[in-house]
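Welcome, and thanks for taking a look at this one. Below is a short briefing to read alongside the model, grouped by topic so that you can dip in where you like.

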Amino acid sequence: MEISVKLPNSLYQDVSNLAQANKKSVSEFVKNAVRKAVVEESQPLDRPLLHCSDSEVLALANMKMSEAENNRLSELFDNQREENISPLERNELDTLMRVYEVGNLRKAQGIVESVQRGLIKTSDDLA
């Protein structure tokens with residue numbers, strides 16, 4: 001299925017710049033952003049862990065940032081360290097850092113819940 005989306009000019013320009021920085025077409029960049037949002041929405045990140053299944057809790061305990069996100073975060077940190085970071089990249093860095101922080105917090109909660117449920121004994125049991 002194909003859909004059309006109207007974006008304000010300023011948002012389109014931001015998306016276009018990010019797509020170009022990531023060497024992707026605007027269409028591919030938007031498609032990936034929507035896919036990522038769908039995956040994040042389907043994860044039990046906002047639900048209390050008591051209501052999550054054992055497999056969801058273990059998935060949280062084993063959660064990792066994607067290699068692409070990790071590489072982009074490193075690249076943005078390098079730009080920041082070299083004082084060569086654009087305002088758009090600064091926003092992207094802030095967003096990725098927030099994703100990283102929330103992910104690590106939720107991962108820690110998943111580990112604690114996994115240990116409490118007897119799903120894992122130590123952090124050595126994690127993949």
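Let's begin at a loop residue: Glu 83 counts as exposed because its relative accessibility is 73%, and the cut-off for exposed is over 50%. This is a predicted model, and its protein chain has five helices and zero strands. From that loop residue, the briefing moves to the chain as a whole, then to its longer stories.

**Two loop residues with positive phi**

- Glu 83 sits in the loop that joins helix H4 (67-81) to H5.
- The phi of Glu 83 is near 55°, which is a positive value in a residue other than glycine.
- Lys 23 is also worth a visit: this residue is not a glycine, yet has a positive phi of about 55°.
- You will find Lys 23 in the loop between helix H1 (9-21) and helix H2 (26-42).
- Is Lys 23 buried or exposed? With a relative accessible area of 77%, Lys 23 is exposed.

**The chain as a whole**

- Reading along the sequence gives the pattern α-α-α-α-α.
- The protein chain has 127 residues, and 21% of them count as buried.
- Among contacts with a separation of 6 or more, 57% are between residues 24 or more positions apart.
- The accessible surface of the chain comes to about 9300 Å², and carbon and sulfur atoms account for 53% of that surface.

**Asn 22, in the loop between H1 and H2**

- Asn 22 is located in the loop between H1 and H2.
- Asn 22 is partly exposed, with a relative accessible area of 26%.
- Which residues does Asn 22 touch, not counting residues up to four places away in sequence? They are Phe 29, Arg 72 and Glu 92.
- Asn 22 and Arg 72 are 50 residues apart along the chain, while their C-alpha atoms are separated by 8.8 Å.

**Helix H5 and its buried residues**

- H5 covers residues 87-116.
- With 30 residues, H5 reaches 44 Å from its first C-alpha to its last, close to the 44 Å expected at 1.5 Å a residue.
- The buried residues of H5 are Glu 89, Glu 92, Leu 93, Leu 96, Gly 103, Arg 106, Gly 110, Glu 113 and Ser 114.
- What covers the buried residues of H5? The cover includes H1, helix H3 (54-61) and H4.
- As a reminder, an α-helix has 3.6 residues a turn, so residues three or four places apart point the same way.

**Gly 110 and Glu 113, a closer look within H5**

- Gly 110 belongs to H5 and counts as buried, at 0% relative accessibility.
- Setting aside residues up to four places away in sequence, Gly 110 touches Leu 49, Val 57, Leu 60 and Ala 61.
- Gly 110 and Ala 59 are 51 residues apart along the chain, and 7.8 Å separates their C-alpha atoms.
- Glu 113 lies in H5 too.
- Why does Glu 113 count as buried? Its relative accessible area is 12%, and buried means under 20%, so Glu 113 is buried.
- Leaving aside neighbours within four places in sequence, Glu 113 is in contact with Leu 49, Leu 50 and Val 57.
- Leu 49 and Val 57 thus appear in the contacts of Gly 110 and in those of Glu 113.

**Just past the end of H5**

- H5 is followed by Gly 118, which has a positive phi, near 80°.
- Gly 118 is in the segment after H5 and counts as exposed, at 53% relative accessibility.
- Gly 118 and Asp 54 are 64 residues apart in sequence and 9.9 Å apart in space, C-alpha to C-alpha.

**The second largest pocket**

- The volume of the second largest pocket is about 420 Å³.
- How many residues line the second largest pocket? The lining has 13 residues, and Ile 3, Val 5, Ser 27, Val 30 and Lys 31 are those nearest the centre.
- H1 and H2 each supply at least two residues of this lining.
- H2 gives the most to the lining, with five residues.
- Sorted by class, the lining of this pocket has ten nonpolar, one polar and two charged residues.

Definitions and conventions: Residues are numbered from 1 along each chain as its sequence is written. This is a predicted model: local features need pLDDT of at least 70, side-chain atom pairs count only at pLDDT 80 or more; totals for chains, interfaces and linings use all residues. Side-chain values use heavy atoms; hydrogens and water are left out. Helices (H or I, at least four residues) and strands (E, at least two) are DSSP runs, numbered from the N terminus. Buried means under 20% relative accessible area, exposed over 50%, partly exposed in between (1.4 Å probe, protein chains only). Contact means heavy atoms within 4.5 Å. Accessible areas come from the Shrake-Rupley method with a 1.4 Å probe; for residues, only the protein chains shown count as cover. The expected span of a helix is 1.5 Å times one less than its number of residues. On a 1 Å grid over the protein atoms alone, a cavity is a set of points where a 1.4 Å probe fits but cannot get out, and a pocket is an open set with protein on both sides within 12 Å along at least five of seven lines; lining residues have an atom within 4 Å of a point. Grid points are joined across faces, edges and corners, and a volume is the space filled by probe spheres set on the points. Ala, Val, Leu, Ile, Met, Phe, Trp, Tyr, Cys and Pro count as nonpolar, Asp, Glu, Lys and Arg as charged, and the others, Gly among them, as polar.
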